[in-house]
Each structure stands twice: as C-alpha cells, then as structure tokens.
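Work through the exercises below with the structure in view. Try each task before reading its solution.

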Amino acid sequence: MSRAQVFLPYEPVAAAISALLYPHAEVVLHDLGTGRIAGIWNPFLGRRVGDDSLLDFQPGEAEQGTLWGPYEKTGPRGERLKSVSAVLPDLEGRGGFALLCINLDVSRLDDAQKLLAAFVGARQAQPASLFRADWREYIQTELHGWLRACGASVTSLRRDERIALVRHLDGQGLFEARGAADHAAGLLGVARTSFYNYLRAARAEPHEAEPE
C-alpha cells in the first residue's frame with residue numbers, strides 16, 4: 001500500500017473540518033515520514049501538496065493523540081492565526097505517522113471586535129452638567145451598579161436583598177425627588193405599596209422592620 005493510500009481515511013475528516021470553517025481555516029495533513037505535505041484544504045497560506053512541511057518533528061517523537069494548541073501563528077499578510085496540531089497514528093495504530101494541523105484566520109474577528117468596541121465604548125465620561133438633575137439616571141446607575149457588584153439580577157432578589165438595595169439607594173438620597181420612589185419601584189418590577197414596605201423596612205431598625 002502506498003503512503004498516499006494510507007492517508008485516505010483521514011482525508012474526509014480534514015475535508016469536513018475545512019468545509020465547516022471555510023473560508024477561514026486551512027487544514028493540512030503532514031507526512032512525518034517524508035517531511036512533506038500529504039494533503040491540504042483551503043490553502044490560503046501559499047502551500048501545496050508535496051511542499052516541504054518545514055517541521056522540526058520526527059516520527060515517534062510524540063504518541064498518538066498528542067495535541068498542541070491552540071497556539072498563535074502569523075500569516076503572510078500579517079493576519080493572526082489560531083492553530084492546533086494533532087498527532088495521528090498509522091493504520092496499525094502507531095503514533096507519530098502524520099500531523100493534522102488546522103490554521104484558523106481570526107483576524108476578521110479581531111476587526112469585528114475593534115468595530116464593536118468603537119461603538120460600545122464611551123470615549124468620554126458622562127458630562128455632569130447635562131445630567132445633574134436627572135434623578136432617573138442616578139437611580140438606574142446606582143441600582144444596576146449594586147446588582148453587578150452583588151452578582152445578582154432584579155428577578156433573582158429575595159425580600160431581604162430588595163430591602164438592602166432600597167437601603168443603598170435611600171442612603172444616596174435618591175428618593176428625595178418627586179416620583180423617584182415610583183421610578184425605582186418600576187425598575188424593581190414591584191407594586192408601589194410593596195416598594196414603600198421595603199423603604200420603611202430599610203429605614204427602620206432590624207427589630208422594627210415590617211413584614212410585606
């Protein structure tokens with residue numbers, strides 16, 4: 001059996017990976033016995049079947065199933081690649097016969113990340129002069145900041161946690177404006193009467209806290 005025939009069982013696997021990740025991944029089968037490329041799919045790095053693998057790796061240096069990566073490489077146009085390499089066995093199960101490499105071009109994902117960051121990230125702090133009187137903004141900022149710090153969400157809060165949150169907001173003087181308490185009740189998704197129960201409990205001593 002020729003060496004080309006020995007690689008046949010691996011070719012559908014390599015082709016399937018390439019098809020799934022096309023056009024962003026190059027898949028390469030390296031023949032470690034000859035030191036050359038035995039198969040390549042979506043070759044965007046300028047290599048062809050029969051080219052020197054340029055690998056400092058010899059048969060038997062790693063066992064079947066050895067996996068390297070993900071590790072980073074650089075493409076010919078400076079693109080960032082994320083790669084993995086796996087040692088494959090021969091038909092008799094001996095490792096170190098071949099190496100399967102997948103090179104994934106993630107540079108477009110980097111570009112997308114930069115684009116999203118440009119839209120999402122604020123370039124300047126919020127101008128205080130515009131929002132000095134916006135008590136809604138202050139309540140929303142404090143409420144969601146408290147939730148993030150506690151790793152909680154509005155829907156997951158127990159009664160004692162809602163009281164603690166209301167106590168925090170009240171301590172910032174955020175319920176002095178007319179309508180502020182109603183706005184906070186809406187953010188918590190509770191009725192006005194329930195919110196005022198929380199507020200009374202928050203302002204009371206623990207032994208004086210009223211039940212809901």
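**Exercise 1.** Which residues in α6 meet which residues in α8?

This is a predicted model: local features need pLDDT of at least 70, side-chain atom pairs count only at pLDDT 80 or more, and totals for chains, interfaces and linings use all residues. Residues are numbered from 1 along each chain as its sequence is written, and side-chain values use heavy atoms, leaving out hydrogens and water.

*Solution.* Contact means heavy atoms within 4.5 Å. From α6 come R159, R162, I163, V166, R167 and D170. They meet F195, Y198, L199, A201, A202 and R203 in α8. By class, the contact has seven nonpolar, no polar and five charged residues.

**Exercise 2.** Find how the axes of α6 and α8 cross.

*Solution.* Take helix α6 (residues 159–171) and helix α8 (residues 192–203). Their axes, lines fitted to C-alpha atoms over the stretch in contact, come within 8 Å. They cross at roughly 70°. That makes α6 roughly perpendicular to α8 (65 to 115 degrees).

**Exercise 3.** Trace the salt bridges that involve α8 residues R203 and R192.

*Solution.* A salt bridge is a side-chain nitrogen of Lys or Arg within 4 Å of a carboxyl oxygen of Asp or Glu. R203 pairs with D170 at 2.8 Å, N to O. R203 sits in helix α8 and D170 in helix α6, 33 residues apart. R192 pairs with D182, also with N and O 2.8 Å apart. R192 lies in helix α8 and D182 in helix α7 (residues 180–188), so this pair ties together parts 10 residues apart in sequence.

Notes
Axes are lines fitted to C-alpha atoms, for helices over the stretch in contact, and angles run from 0 to 180 degrees between N-to-C directions. Helices (H or I, at least four residues) and strands (E, at least two) are DSSP runs, numbered from the N terminus. Angles under 35 degrees count as roughly parallel, over 145 as roughly antiparallel, 65 to 115 as roughly perpendicular and the rest as oblique. Ala, Val, Leu, Ile, Met, Phe, Trp, Tyr, Cys and Pro count as nonpolar, Asp, Glu, Lys and Arg as charged, and the others, Gly among them, as polar.
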